[in-house]
Amino acid sequence: MAHVSAGAVEPLVPAPDVLVVDAAGQRQRLDALMQGKVTALQTMFTGCSSVCPLQGAMFGAVQGGLAGKKGRYPMQLLSLSIDPLGDSPQAMQAWLKKMGAGRAWQGVIPSGDVVALRSRLAGRPPSENLDKHATQVYFFNASAQMCWRSQALPQPEDVVAIMAFLAGA
């Protein structure tokens with residue numbers, strides 16, 4: 001995999017084929033959850049007190065910016081925990097509520113090798129330290145293929161613009 005930090009992802013990278021549990025406790029495949037929707041995905045964990053609250057606030061602003069935008073494809077926000085041992089569906093549900101998540105914003109907890117999952121998303125080896133996780137947003141088209149990576153801590157209006165473009169809004 002190429003060492004890309006931000007910008008277009010070429011070639012497109014299929015969404016990770018991992019099992020996730022959502023805030024309601026339902027199991028599903030991450031790639032299936034993204035299929036047919038334009039998705040902005042962030043990595044986070046509910047016990048984080050450094051950048052994750054900022055990321056949650058940013059997605060809250062994105063959620064507001066997407067309100068009323070219609071495209072060929074539905075748009076969704078997805079918060080992916082990178083702490084499957086420390087996070088639970090209940091903790092994810094509480095975090096999403098605290099961040100003001102609406103219907104189009106979900107949180108999921110993956111199973112399996114989280115370091116490999118983070119590496120696949122970032123296009124490079126991640127830090128082993130949870131507190132040093134990426135603050136990028138990863139964008140997936142309606143075919144569940146990653147096509148863009150943002151800069152660290154992107155501006156909400158930039159996330160909205162990329163999602164609207166990908167959705168054909």
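These notes cover the sheet, two helices that pack on it, and one serine in a predicted model.

1. The sheet is open and has eight strands, in the order β1-β8-β7-β4-β5-β6-β2-β3, and its pairing is mixed. At the edges are β1 (7–14) and β3 (27–29), each of which pairs on one side only. From one strand to the next, the twist averages 35°.

2. Strands of a sheet pair through backbone hydrogen bonds, either parallel or antiparallel. Strand β4 (residues 38–44) and strand β5 (residues 75–81) run parallel and are joined by seven bridges. Alanine 40 has leucine 77 in β5 as its bridge partner.

3. Helix α2 (residues 52–66) packs on the sheet, where it touches β4, β5, β6 (105–110) and β7 (137–140). The direction of helix α2 makes about 165° with that of β4.

4. Helix α3 (residues 89–99) lies across β2 (19–22), β4, β5 and β6. Relative to β6, helix α3 runs at about 150°.

5. Is serine 81, a residue of strand β5, buried or exposed? Its relative accessible area is 1%. Because buried means under 20%, serine 81 counts as buried.

6. What does serine 81 touch, leaving aside its neighbours within four places in sequence? Its contacts are Met44, Phe45, Asp87, Met92, Val108, Ile109 and Pro110. Separately, a polar atom of the serine 81 side chain lies 3.0 Å from the backbone nitrogen of aspartate 83.

Notes: Residues numbered from 1 in each chain as written. Predicted model: local features only at pLDDT ≥ 70, side-chain atom pairs only at ≥ 80, totals over all residues. Heavy atoms only, no water. Pairing = 2+ DSSP bridges. Helix = DSSP H or I, 4+ residues; strand = E, 2+ residues; numbered from the N terminus. Axes fitted to C-alpha atoms, helices over the stretch in contact; angles between N-to-C directions. Contact = heavy atoms within 4.5 Å. Buried < 20%, exposed > 50% of the residue type's maximum accessible area, 1.4 Å probe, protein only. Polar contact = N/O pair within 3.5 Å; in protein donor to acceptor, adjacent residues only side chain to side chain.
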